[in-house]
Amino acid sequence: MAKILPDISRTFSEYLLIPRLTEKKHIASNVSLQVPIARHKVGKPSRQMINIPFVSASMQAVSGVDMGIALARKGGVAFVYCSQSIKEQADMIKKIKHHKAGFVESDSNVQPNTTLKEAIAIIEETGHSTLAVTDDGSNKGKFLGILTDKDFWEYEDDVKKCVSEFMTPVDQVVFGTVGISLHQANLILHREKKECLPILDKSGNLDSLVFKKDFFDHKNNPSELLDEKKSLIAGAGVNTHDYKERVPALVEAGATIFVLDASDGYSEFQKETAQWMRKTYGDAIIIGGGNVVSGEGFRFLAESDAIDFVKVGIGGGSICITREQKGIGRGQASALLEIIEEREKFAKEKGEYVPICSDGGLANDTQIIIALAMGADMVMMGRYFAMTDESPTPKVSIKGRLYKPYWGEGSNRARNWQRYSHDAKSHSYKFEEGVDAYVPVVGPVTDVLDVTLDKIRSTMCNNGALTLKEFSEKAILTRISEQSFIEGGTSNVFTVDNDTLENV
């Protein structure tokens, strides 16, 4: 007969935090929100940290190029969705990597005999205003000069002429040499009042470019998540079907953090995929597995030794109907608490810490805070990010208010049968596990995140914690009754729009 768990399936809204002692050191400016995203030995640093505990879901309506850029600049990771062609996903990763960097490998290059018309076409296609001129038109060729959109006027100049007649030749270009530090390169840009500094090797070949705008971009985003080349870190979702073709293309494009995108990660398919990725790329990549909702599921993935972090949650997303359709899932708080407990047992037995990502079941900032207090290292969200300007979907007006389309990866609109079925004969999936809906537009990612992050820091100070690890260790949670929930809202008052008030 079936086994019945003794406790009921609980959600985050059923818990409150009990404040702890706030000492004088507990102020928001002293709080660190940095967390590990890669498995590591207990007591040793993780090989990859993220600067805020936020990642965005690998969904068509959530994580595209703009989200990848915006979230990395804040210190988190967006997982570019895999329900598209390999080339399209790889191109998205490349755009994220090339958006902002320290030493940029030039991907817009021309030869001296390239016509101005051809050069203008490259500028319009890429959006890049600076083109490196090399002898062979490659990004590693002999550097001959530089062409910017300020060097010509396409409405007056003869676009049939060659680039050589408009470019600034190498003998008039200020450049740096390989081995120079990024700080030194930025000092040269400042001193010489230049926008771009080509970096050349000893033979005069182009190595990379450094842009002035990237310096100011970093100053305005001090928590941005960067790799060793000062490029934004990019994440990607992958499935358990075409991973042997998809993962290499994404790695080549620059992705370093991956998540196995599945509604149920407690499977041999996922374990096999993760092990192949680890064997092929070693510790050069980060691999997230899931989703699971039990200690048993966590243990299965953690013991594979290939998984870096585990996602928790089935059926708790705002547009997910897996529980309704299949009767599979669990209240997110109950799932997270059991898995955190299993994670601690695993750490004691194996000496390894496996970060946990709470995915779904987060309706507001308070529930995000409760998830982190329970021990989640990070949270993954779809709706939260789908509502922002940077999500990939277009804005639409409904009754005078702006909305964005938002749909689940298990919906017909996503056309993503591979995520759910390993049976080649069942490609025409007969039912949905996600719905197609709309969410209100709330503005830029940075504005929304700043409010949430401020709330997290403030709550941590109320609980006498300066790190998220300390926060979860000190947290005291209490379950609340229905009446307690009601009491927590406004009562015995009514609210009105001030614009409707009249003086009497």
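## Exercises: a small sheet, a barrel and helix α11

In this structure, strand β7 runs parallel to strand β8 (residues 130–134) and the two are joined by 2 bridges. Two strands count as paired if DSSP finds at least two bridges between them. Helices (H or I, at least four residues) and strands (E, at least two) are DSSP runs, numbered from the N terminus. Before you start: this is a predicted model, where local features need pLDDT of at least 70, side-chain atom pairs count only at pLDDT 80 or more, and totals for chains, interfaces and linings use all residues. Residues are numbered from 1 along each chain as its sequence is written, and side-chain values use heavy atoms, with hydrogens and water left out.

**Exercise 1.** Work out which strands form the open sheet and which are its edge strands.

*Solution.*
- Step 1: The open sheet has 4 strands in the order β7-β8-β9-β10, and the pairing is mixed.
- Step 2: Its edge strands are β7 (109–110) and β10 (168–169), since each pairs on one side only.
- Step 3: Zoom in on the β7 and β8 pair, and you'll find Val-110 standing opposite Val-133 in β8.
- Step 4: Now add a helix: α3 (residues 116–126) lies across β7, β8 and β9 (143–148), at about 135 degrees to β8. Such angles run from 0 to 180 degrees between N-to-C directions, and the axes are lines fitted to C-alpha atoms, for helices over the stretch in contact. Contact here means heavy atoms within 4.5 Å.

**Exercise 2.** Trace the closed barrel, then follow the chain through β14, β15 and β16.

*Solution.*
- Step 1: The barrel has 8 strands, running β5-β6-β14-β15-β16-β17-β19-β20, with parallel pairing. On average, neighbouring strands of this sheet are turned by 25 degrees against each other, direction ignored.
- Step 2: Strand β14 (residues 234–238) pairs with β15 in the parallel sense over 5 bridges. To get from β14 to β15, the chain goes through helix α6 (residues 243–253), and this β-α-β crossover is right-handed. Right-handed means that, with the strands pointing away from the viewer, the path from the first strand over the helix to the second runs clockwise.
- Step 3: For a residue pair to look up, the bridge partner of Val-238 is Leu-260 in β15.
- Step 4: On to the next pair: β15 and strand β16 (residues 286–292) are parallel, with 3 bridges. Here Val-259 has Gly-288 in β16 as its bridge partner. With helix α7 (residues 268–281) in the middle, β15 and β16 make another β-α-β unit, also right-handed.
- Step 5: Further round, 3 bridges join strand β17 (residues 309–312) to strand β19 (residues 356–359), again in parallel. In that pair, Val-310 has Ile-356 as its bridge partner.

**Exercise 3.** Is strand β15 mostly covered or mostly open?

*Solution.* Count the buried residues in β15 (residues 255–260): 5 of its 6 residues are buried, so the strand is mostly covered. Buried means under 20% relative accessible area, exposed over 50%, and partly exposed in between (1.4 Å probe, protein chains only).

**Exercise 4.** Why is helix α11 described as largely enclosed, and what do Asp-365 and Gln-367 touch?

*Solution.*
- Step 1: In α11, 9 of the 10 residues are buried, so the rest of the structure largely encloses the helix.
- Step 2: As for its place, α11 lies across β5 (54–56), β19 and β20 (378–381), at about 140 degrees to β20.
- Step 3: Look at Asp-365, which is buried at 14% relative accessibility. Its side chain makes a polar contact with the side chain of Lys-455 (3.0 Å). A polar contact is a pair of N or O atoms within 3.5 Å; within protein, one must be able to donate a hydrogen and the other to accept it, and residues adjacent in sequence count only if both atoms are side-chain atoms. Leaving aside neighbours within four places in sequence, Asp-365 is in contact with Tyr-384, Val-451, Thr-452 and Lys-455.
- Step 4: Gln-367 lies in α11 (residues 365–374) and is buried, at 12% relative accessible area. A polar atom of its side chain lies 2.8 Å from the backbone nitrogen of Ala-363. With neighbours within four places set aside, Gln-367 is in contact with Phe-12, Ser-13, Gly-361 and Leu-362.
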